Amino acid sequence: MKRPADVLSYVFDRLRLQGIFVSEWQTTTPWAIQGEQESCALLHYMIQGDAVIQMEGREPVTLHEGDLAMFPRGQGHSIGDALNSKPQELKDLLPERSAEKFSVLQFGGGGRKNQMLCAGLHFEADSVRLIYQLLPPLMIISAAQIETEPLLSHTLDGVKSELKVYGEGRNVVLVHGFELVYVLGLRVAMRDAGRFSRFSIALQHQGIGQALMAMHEDFARQWTLDSLAEEAGVSRSSFARTFKELVGETPRQHLVRHRLAEAQRLLNTTSLPLSDIAERIGYESVVGLHLAFNNHFGIPPGAYRKQHRTPLEVKPEATRQP
């Protein structure tokens, strides 16, 4: 099993990212839009003006001119010119998406002008790796950060320039341009987040990286410390110590987190019975899955499915052994 060169390559190895739409928003104050959970990654690039992003259970975030906001799993949110603006439903404003993939929305109260580009990127949900599920629901790349990244800065400038082009291929250029913007934006965000930098270092370690890949590719296997150490080609004690130093948690905790993230995805996206989910992720019984899921998320898997919740954030420090 060949190890990837870095964590970003690992994340996108199976994601099969594909742009599905780009929308230019030409707004005037006051304005606000409410969008529901989407089954794709979402991006907002603020070309002119400022906007406030609000998500349930989180503090509002201001998107300034030149900033890029990314929602890796399409988290539902509202966005508008001010904190208390009453939002319209996005679905009521959007035209039917067509093969053109590009649309222009004009709305607002007639005041100060704002301009924003929004994009949606499809990814293969069945191929999402744990590290992608661990990304926060909202990631902001500031204009200052973008300026330090020549390729990201030039790509965004090129996307803006394409808005003035009316020739053949404009729509294709726009959607594929945002595919590159997303990858480059994630690179900036993940590089600046110690959690992901640590994971990248661990992947590049000859022994630990090999064990991580094996664990992630076959997490239903009944892994033991001995079998993982054998995969890494080191002693049991050396493996346990080095894994904890590089990854920041024990092999057991990491495996549990990975299994339960997959259980969460299956509960959200399939109607598989709990017994099948338990078997797929390496638990010998529904009881084992129930206890582990409830300890980790604070809710039993059956209740979680009934509530149709959006993906919960996985916190390493909350992980308990099943």
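# Exercises on a predicted model

Helix H10 has 12 residues, and its first and last C-alpha atoms lie 16 Å apart, close to the 16 Å expected at 1.5 Å a residue. The model is predicted. The exercises start from this helix and then turn to other parts of the protein.

**Exercise 1. Find the buried side of H10 and state what lies on the face turned away from it.**

Solution.
- Step 1: list the buried residues of H10, which are Phe239, Thr242, Phe243, Leu246 and Val247.
- Step 2: look at how they are spread around the axis. They cover an arc of only 105 degrees, which puts them on the same side of H10.
- Step 3: recall the helix repeat. An α-helix has 3.6 residues a turn, so residues three or four places apart point the same way.
- Step 4: turn to the face away from the buried side, where the exposed residues Ser237 and Glu245 are found.
- Step 5: look just past the end of the helix. Just after H10, Gly248 has a positive phi of about 90 degrees.

**Exercise 2. Describe how helix H9 (residues 225–232) and helix H10 (residues 236–247) cross.**

Solution.
- Step 1: take the two axes, which come within 9 Å and cross at roughly 85 degrees.
- Step 2: class the angle. Angles from 65 to 115 degrees count as roughly perpendicular, and H9 is therefore roughly perpendicular to H10.
- Step 3: name the residues that meet. From H9 these are Leu225, Asp226, Leu228, Ala229 and Ala232; from H10 they are Arg236, Phe239 and Ala240.
- Step 4: sort the residues of this contact, which gives 6 nonpolar, no polar and 2 charged.

**Exercise 3. Do the same for helix H11 (residues 251–269) and helix H13 (residues 286–297).**

Solution.
- Step 1: the axes of H11 and H13 come within 11 Å, with a crossing angle of roughly 95 degrees.
- Step 2: the two helices are therefore roughly perpendicular to each other.
- Step 3: H11 brings Arg257, Leu260, Ala263, Gln264 and Leu267 to the contact, and H13 brings Leu289, Ala292, Phe293, His296 and Phe297.
- Step 4: by class, the contact of H11 with H13 holds 7 nonpolar, 2 polar and 1 charged residues.

**Exercise 4. Check the span of helix H5 (residues 150–162) and find what its buried residues pack against.**

Solution.
- Step 1: at 1.5 Å a residue, the 13 residues of H5 should span 18 Å, and the end C-alpha atoms are 18 Å apart, which agrees.
- Step 2: the buried residues of H5 are Leu152, Ser153, Thr155, Leu156, Val159 and Glu162.
- Step 3: these buried residues pack against strands E3 (41–48), E10 (113–122) and E11 (139–141), and against helices H4 (143–147) and H6.

**Exercise 5. Place Tyr182 and decide whether it is buried or exposed.**

Solution.
- Step 1: Tyr182 lies in helix H6 (residues 170–191).
- Step 2: buried means a relative accessible area under 20%. Tyr182 has 0% and is therefore buried.
- Step 3: not counting residues up to four places away in sequence, Tyr182 touches Phe12, Leu17, Ala41, Leu43, Met70, Pro72, Leu121 and Tyr132.
- Step 4: take one of these, Ala41. Tyr182 and Ala41 are 141 residues apart in sequence, while their C-alpha atoms are 8.9 Å apart in space.

**Exercise 6. Locate Pro30 and describe the peptide bond from Thr29 to Pro30.**

Solution.
- Step 1: Pro30 sits in the loop between strand E1 (18–28) and strand E2 (32–35).
- Step 2: the bond from Thr29 to Pro30 is cis, with omega near -10 degrees.
- Step 3: set this beside the general rule that most peptide bonds are trans.

Definitions and conventions. Residues are numbered from 1 along each chain as its sequence is written. This is a predicted model: local features need pLDDT of at least 70, side-chain atom pairs count only at pLDDT 80 or more; totals for chains, interfaces and linings use all residues. Side-chain values use heavy atoms; hydrogens and water are left out. Axes are lines fitted to C-alpha atoms, for helices over the stretch in contact, and angles run from 0 to 180 degrees between N-to-C directions. Helices (H or I, at least four residues) and strands (E, at least two) are DSSP runs, numbered from the N terminus. Angles under 35 degrees count as roughly parallel, over 145 as roughly antiparallel, 65 to 115 as roughly perpendicular and the rest as oblique. Contact means heavy atoms within 4.5 Å. Ala, Val, Leu, Ile, Met, Phe, Trp, Tyr, Cys and Pro count as nonpolar, Asp, Glu, Lys and Arg as charged, and the others, Gly among them, as polar. The expected span of a helix is 1.5 Å times one less than its number of residues. Buried means under 20% relative accessible area, exposed over 50%, partly exposed in between (1.4 Å probe, protein chains only). The arc is that of the directions from the helix axis to the C-beta atoms.
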